[in-house]
Amino acid sequence: MSSYQADAANILFDKSTDGSITLISRGSWTVNALDNVAIVLEQAFNKYSHQTVRWELSAVERYDSAGMALFIHYYDQLITQQCDVELIGATQQHQDMYRLLRRYRQEDQTPAPALSLRLLQPLYNIGKASVAFVQDMMAFLAFVGESFISFLYAVRHPGSIRGGAIVKHIEEAGVRALPIVALTSFLIGVVIAYQGAVQLEKFGANIFIVDMIGLSITRELAPLITAIVVAGRTGSSYTAQLGVMKITEEIDAMRTMGFEPHRFLVLPRIFALMITLPLLIFFADLIGILAGMFISHLHLNLSYTEFLNRLQTVLEVKHVWIGILKGPFFAWLIAAVGCFRGFQVSKNTDSIGRYTTMSVVNAIFLVIACDALFSVIFTELGI
């Protein structure tokens with residue numbers, strides 16, 4: 001916690017472990033005591049963006065129109081920087097003066113910006129988005145670091161690992177996902193078989209449909225499609241669950257009682273998904289190949305025996321293992337992003353929908369990027 005004083009005026013900044021900022025205004029906020037505080041606020045407020053800010057006003061002893069105007073200026077700046085601002089301890093006198101000054105503020109009557117400023121607005125938006133992206137990446141790296149420290153603690157103290165919670169999350173993320181994974185994999189197998197059959201039939205190369213189905217499904221399609229389904233189903237649920245816990249202050253209560261949220265909430269979800277996703281990928285391999293075999297028999301008159309004999313020839317075990325190997329990496333990305341966005345939820349219901357959407361989009365993008373990286377690496381290694 002840091003404190004800055006200006007004569008009788010005083011303001012404290014406190015950053016919580018969940019990333020929120022608490023501002024505590026104290027003393028006499030009058031025209032003769034605000035110069036240094038204004039400088040401090042100008043320096044500090046530029047770095048707050050997309051954060052939860054709690055502004056405590058109950059400790060202000062005296063104030064006048066200058067103090068209230070200063071408050072309004074920086075309150076509007078926080079809103080402009082897309083912060084969620086919560087005012088605490090505002091008295092009826094505070095509210096009356098706020099409404100009076102807000103009604104007659106000169107800023108409300110300012111003319112439209114000049115043409116040059118309007119032309120620079122896209123550049124300003126790009127710069128603002130870039131800064132927000134960098135801040136988001138730094139926050140995610142800090143989250144990963146905290147999770148890694150919790151993982152090291154779990155390695156040193158195996159008894160602290162919550163086996164019951166891991167089993168529960170395996171059931172929710174794995175067993176209950178079997179129907180949608182099976183349906184998705186079956187349809188992917190059908191699509192690949194039909195599209196390949198149309199082309200191969202022109203050249204009388206019907207038997208090569210087995211090569212296409214076996215290699216494409218096991219190496220690429222089954223891992224990627226299964227991970228995308230899990231990201232939309234399980235990753236979003238992680239964000240929503242943790243977001244609701246944050247809104248109801250359950251996470252704050254856990255910290256108060258000495259329970260580390262990363263060890264009790266994040267690690268079980270990550271472990272469960274890293275165990276579950278490789279098994280789901282293997283299950284998707286089987287369903288996709290069976291669907292392709294069925295369509296090959298139906299559309300190309302390729303018998304099941306011929307299909308299986310050709311499959312044993314062309315499908316090496318390494319191709320299956322390559323697809324399964326991607327599972328833990330995809331699972332870590334999905335679970336980490338889902339939990340990270342859940343901890344970012346602020347104390348309003350709108351943020352749950354916003355961060356849940358961001359969780360799914362980020363997880364799917366990272367899964368596809370990771371799959372592309374694996375493809376490049378395996379190709380360069382000749383695997």
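## Cores, a long-span helix check and salt bridges

In this predicted model, the largest nonpolar core has 61 residues, and those with the most contacts inside it are Ile209, Val210, Leu273, Leu277, Phe307, Phe330 and Ile334. A nonpolar core here is a set of buried Ala, Val, Leu, Ile, Met, Phe, Trp, Tyr and Cys residues joined through side-chain atoms within 4.5 Å. Buried is under 20% relative accessible area, exposed is over 50%, and partly exposed is in between (1.4 Å probe, protein chains only). A second, separate core of 24 residues includes Ile21, Val53, Val60 and Phe71.

Now for helix H12 (349-381). Helices are DSSP runs of H or I, at least four residues, numbered from the N terminus. With 33 residues at 1.5 Å each, H12 should span 48 Å, and its end C-alpha atoms are indeed 48 Å apart; the expected span is 1.5 Å times one less than the number of residues. Right after H12 comes glycine 382, with a positive phi near 70 degrees.

The whole structure has seven salt bridges, each a side-chain nitrogen of Lys or Arg within 4 Å of a carboxyl oxygen of Asp or Glu. Here are some of them:

| Pair | Closest N to O |
|---|---|
| Glutamate 172 and lysine 168 | 2.8 Å |
| Glutamate 171 and arginine 176 | 3.6 Å |
| Arginine 255 and aspartate 252 | 4.0 Å |

Glutamate 172 and lysine 168 sit four residues apart in helix H5. Arginine 176 is exposed at 51%, while glutamate 171 is partly exposed at 37%.

Residues are numbered from 1 along each chain as its sequence is written. Local features need pLDDT of at least 70, side-chain atom pairs count only at pLDDT 80 or more, and totals for chains, interfaces and linings use all residues, while side-chain values use heavy atoms, without hydrogens or water.

Note on methods:
Helix = DSSP H or I, 4+ residues; strand = E, 2+ residues; numbered from the N terminus.
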